[in-house]
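I am opening a notebook page for a structure that is new to me. I want to write down what I look up, in the order in which I look it up.

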There are 2 protein chains.
Amino acid sequence: MPLTENEWFTEAFEERTAFSARITKKLYEELSDFQRIEIFQTEAIGRVLVLDGCFMVTEKDAFIYHEMLVHPAMSTLPDPRNVLVIGGGDGGAVTEIVKYSNVESVTLCEIDPLVVSSCRKYFPAVSSGLADPRVKVICEDGAAFVRRRPGEFDLVLVDSTDPVGPGVALFQRSFYEAVRDSLTEGGAAVFQTESPLFMERVFSMAFQDLGAVFGPACVRAYLATIPSYPGALWSFTFCSERHNPVAAAPALPSEVSTKLEYFSPDVHGAAFVLPPFVRRLTQQSQ
Amino acid sequence: MPLTENEWFTEAFEERTAFSARITKKLYEELSDFQRIEIFQTEAIGRVLVLDGCFMVTEKDAFIYHEMLVHPAMSTLPDPRNVLVIGGGDGGAVTEIVKYSNVESVTLCEIDPLVVSSCRKYFPAVSSGLADPRVKVICEDGAAFVRRRPGEFDLVLVDSTDPVGPGVALFQRSFYEAVRDSLTEGGAAVFQTESPLFMERVFSMAFQDLGAVFGPACVRAYLATIPSYPGALWSFTFCSERHNPVAAAPALPSEVSTKLEYFSPDVHGAAFVLPPFVRRLTQQSQ
């Protein structure tokens, strides 16, 4: 069936596949210094944040992405106190992190202040963690910021857009090195690394580059299903020179576990199991 | 962006979300006695089979669906010799089953002969197993067929469409009872049970009804990611009065394992791990 243009928002991926949602109202539109920001109300998947034409957050499935970006690392590290989120201006990752009472500081470094302010207004639940007193929001280029903060963070989460526009810098090896250097001893970093099904090459290259920077034995990919992202089978890559996320059962305090919809200690273990075709992508030399 | 109608095929789910693929050619179109059958060549996801406007098979992700429908049960049962597939006229499930040399007979019961013949022609790899001498194709209503064959099959796989049109009968409790009665002692059945994310109610009802028919302790849901299906997070339900698919490591002969892209013994265990929101859907009383 044809989709009436003013009733549907469509994200076309490389002009070859597309995902659409029927919209009831456009709530916000602004051309920032970095990108076009749109927020729609939809019938089926709640409010959606669209950056440069790509779905970034939907109220329907954002919990999967944010829980899976944050909790595998938070439940692997023994005592993560100082956490940095690069990108992630919607606040969803921060909202997951502040569920841990032992966290002392969360720094959100998002390049685009209009993403933060519009999400605060239109996604109050997703962004609620930004109001926590332990959170500091910095609006600048995350790649530049992290270079100035060596040895400072127990955990760095890279919540980037796709490797286009402002997201390009967050898929470069020099950025991976800066993230590694920003970690405390025994720290860890997690990168969203795209779909191994629809973006095989981006996934494979990011995984290999991270292996070159952190050490091949120190990077592990894991998966979650994000229906509003192209390919739906989505990858994250966990990097740590000291901690192996699959060596021991993750420790998830009950103050956190009771609030989660997707993540659990069992889901943690399952997410690191890679289907053979994904495992092969992690083994290819470039 | 708007999608030009003659360049894209779009499946709208309940007219609220949609998935589209850019087509290069329409290869086949026929209105059968049961449904509209279309086969397109696409740029990004290979050839696609569309029944009544819904993506059923894409060359890009069909391996995930077919491997996950077949191998969890095939590797759990100690010696499945006689297997019935209901629906599944594309032949993809049969192609997975005939990889096991110990299988003696595979019966495919598909209501629509035009689905079988068109897939034989346009999806030669997916349907290749139909040429195996152990395979018998029967074109009739699977619900009626299975009622006449009590105690006959070690494994029944229900590869149905969505619960609309010809698929409605395959989501009824009387059908579940007939499938149960068609099993040999110690047999098992697997049903595709839709997306727990986008079709919560269908999934939850199917799971509860299967539990009522097979016994609540005898049904177990598992998950896979199928990007071309609405919601992408897709469920199957394994039912057996004797065999517990998560009690022991699955046995996968190397003649099979070397041919698989998605399934492995580790993926088996991971697939049965349910995120908390899915677990809750399996626990709801109606």
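My entries below go from the model as a whole to the pairing of the chains and then to single residues.

**Numbering and confidence.** I am working with a predicted model, in which local features need pLDDT of at least 70 and side-chain atom pairs count only at pLDDT 80 or more, while totals for chains, interfaces and linings use all residues. I number residues from 1 along each chain as its sequence is written, and I letter chains from A and number ligands from 1 in the order in which they are written. For chain A I noted an average pLDDT (the predictor's confidence in each residue, from 0 to 100) of 94, with 98% of the residues at 70 or above. For the complex, the predictor gives an ipTM of 0.93 and a pTM of 0.95.

**Chain A as a whole.** I looked up the secondary structure and found 9 helices and 12 strands in chain A, where helices (H or I, at least four residues) and strands (E, at least two) are DSSP runs numbered from the N terminus. The radius of gyration of chain A is 18 Å, which agrees with the value near 19 Å of a compact globule of 286 residues; the radius is taken over C-alpha atoms, and the globule rule is 2.2 Å times the number of residues to the power 0.38. Along the principal axes, the C-alpha atoms of chain A fill a box of roughly 50 × 45 × 35 Å.

**Burial and core.** I call a residue buried if 20 or more other C-beta atoms lie within 10 Å of its own, exposed if 12 or fewer, and partly exposed in between, with C-beta atoms placed from the backbone. Of the 286 residues in chain A, 57% are buried. The largest nonpolar core (buried Ala, Val, Leu, Ile, Met, Phe, Trp, Tyr and Cys residues joined through C-beta atoms within 7 Å) has 195 residues, and those with the most contacts inside it include Ile97(A) and Val190(B).

**How the two chains meet.** I superposed the copies by least squares on the C-alpha atoms of residues with pLDDT of at least 70 in both, and chain B can be laid on chain A with an RMSD of 0.0 Å by a turn of 180° and a shift of 0.0 Å along the axis. The two copies are thus related as by a two-fold rotation axis. Counting two residues as in contact if their C-beta atoms lie within 7 Å, I found 36 residues from chain B and 36 residues from chain A in the contact. On the side of chain B that touches chain A, E2(B) gives the most, with 6 residues. The copies meet through the same surface, because 100% of the interface residues of chain B are also interface residues in chain A.

**Single residues.** Glu14(A) lies in the loop between strand E1 (8-13) and strand E2 (17-31) of chain A, and has a positive phi of about 50° although it is not a glycine. With 12 C-beta neighbours inside 10 Å, Glu14(A) counts as exposed. Glu15(A) is in the loop between E1 and E2 of chain A and has a positive phi of about 55°, but counts as partly exposed, with 13 other C-beta atoms within 10 Å. Val70(A), in helix H1 (residues 62-74) of chain A, is buried with 29 C-beta neighbours inside 10 Å.
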